[in-house]
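Biologist: Hey, got a minute to walk me through a fold? I'd like to go from the overall layout down to single side chains.

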Amino acid sequence: MAKYKYIIDVEAKLPNGEFVRGPITTSDDKTYLFVNKFSSLDFYLEMKKGENGWYQSGGPEIQHPQSMVDELGFSIDKFLIENPKLNKTDLS
């Protein structure tokens, strides 16, 4: 079983106006998992960053809006820029 590293707690707005909040974790510094812990809503998704930005790479069958994936990805990017020692993909 993969060991997950905590990155940051985030909040995002669903298309219906509801909010989800919870941790973003990673086991490989490439795939990031968000899990809602704020409400009873069963909401989670896996994301990766490619050449064209963040995209949903796993989770439930439903495809989440790109704006939400971008919002979560922005939070990850911001955290990693502010904490470069945790960014294993930064080779500089």
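Modeller: Sure, we can start with the sheet, then take the helix, and finish with a few residues.

Modeller: Keep in mind that this is a predicted model.

Biologist: Noted. In what order do the strands of the sheet come?

Modeller: The order is E1-E2-E3-E4-E5, five strands in an open sheet with antiparallel pairing. E1 and E5 are the edge strands, each with a single partner, so one side of each has no neighbour in the sheet. From one strand to the next the twist averages 30°.

Biologist: How many bridges join E3 to E4?

Modeller: Five bridges, with the two strands antiparallel. One of the pairs is Leu-33 with Glu-46 in E4. E4 and E5 are also joined by five bridges and run antiparallel, and there Glu-46 has Gly-58 in E5 as its bridge partner.

Biologist: And how many for E2 and E3?

Modeller: Three bridges, again in the antiparallel sense. Thr-26 is partnered by Tyr-32 in E3. The hairpin these strands make has four residues between them, and Asp-29 takes a positive phi near 60° there.

Biologist: Is E3 mostly covered or mostly open?

Modeller: Mostly covered: four of its five residues are buried.

Biologist: OK, switching to the helix. Where does H1 lie?

Modeller: H1 lies across E1, E2, E3, E4 and E5, and runs at about 140° to E1. The helix spans residues 66-82. Its 17 residues reach 24 Å from first C-alpha to last, close to the 24 Å expected at 1.5 Å a residue.

Biologist: Which H1 residues are buried?

Modeller: Met-68, Val-69, Leu-72, Gly-73, Ser-75, Ile-76, Asp-77, Phe-79 and Leu-80. The buried residues of the helix pack against E1, E2, E3, E4 and E5.

Biologist: Why would spacings of three or four places keep turning up in a helix?

Modeller: An α-helix has 3.6 residues a turn, so residues three or four places apart point the same way.

Biologist: There's an Asp in that buried list. What does Asp-77 touch?

Modeller: Lys-49 and Trp-54, leaving aside neighbours within four places in sequence. With Lys-49, the side chains meet in a salt bridge, 3.0 Å from N to O. Asp-77 is in helix H1 and Lys-49 in strand E4, so the pair ties together parts that are 28 residues apart in sequence. Lys-49 itself is partly exposed, with a relative accessible area of 48%.

Biologist: And how does Asp-77 meet Trp-54?

Modeller: Through a polar contact of 3.1 Å between the side chains. The side chain of Trp-54 also reaches the backbone oxygen of Gly-73, at 3.3 Å.

Biologist: Is that Trp-54 buried or exposed?

Modeller: Trp-54 is at 8% relative accessibility, so it counts as buried. Trp-54 lies in strand E5, residues 53-58. Not counting residues up to four places away in sequence, Trp-54 touches a list including Tyr-32, Met-47, Val-69, Phe-74 and Ile-76.

Biologist: New topic: how many salt bridges does the structure hold?

Modeller: Four. Among them is Arg-21 with Glu-11, where the closest N and O atoms are 2.2 Å apart. Arg-21 lies in strand E2 and Glu-11 in strand E1, so this pair links parts 10 residues apart in sequence.

Biologist: How accessible are Arg-21 and Glu-11?

Modeller: Arg-21 is partly exposed at 33% relative accessibility, and Glu-11 is partly exposed at 35%.

Biologist: Anything similar within the helix?

Modeller: Lys-78 and Glu-82 have side chains that meet in a salt bridge, 2.7 Å from N to O. Both lie in H1, four residues apart, about one turn of the helix. Lys-78 is partly exposed, at 41% relative accessibility.

Biologist: Last one, the loops. Where does Asn-36 lie?

Modeller: Asn-36 lies in the loop between strand E3 (31-35) and strand E4 (44-50). With 7% relative accessibility, Asn-36 counts as buried.

Biologist: What does the side chain of Asn-36 reach?

Modeller: The backbone nitrogen of Phe-38, at 3.2 Å. Beyond four places in sequence, Asn-36 is in contact with Val-20, Arg-21, Leu-41 and Phe-43.

Biologist: Great, thanks for the tour.

Technical notes:
Residues are numbered from 1 along each chain as its sequence is written. This is a predicted model: local features need pLDDT of at least 70, side-chain atom pairs count only at pLDDT 80 or more; totals for chains, interfaces and linings use all residues. Side-chain values use heavy atoms; hydrogens and water are left out. Buried means under 20% relative accessible area, exposed over 50%, partly exposed in between (1.4 Å probe, protein chains only). A polar contact is a pair of N or O atoms within 3.5 Å; within protein, one must be able to donate a hydrogen and the other to accept it, and residues adjacent in sequence count only if both atoms are side-chain atoms. Contact means heavy atoms within 4.5 Å. The expected span of a helix is 1.5 Å times one less than its number of residues. Two strands pair if DSSP finds at least two bridges between them. Axes are lines fitted to C-alpha atoms, for helices over the stretch in contact, and angles run from 0 to 180 degrees between N-to-C directions.
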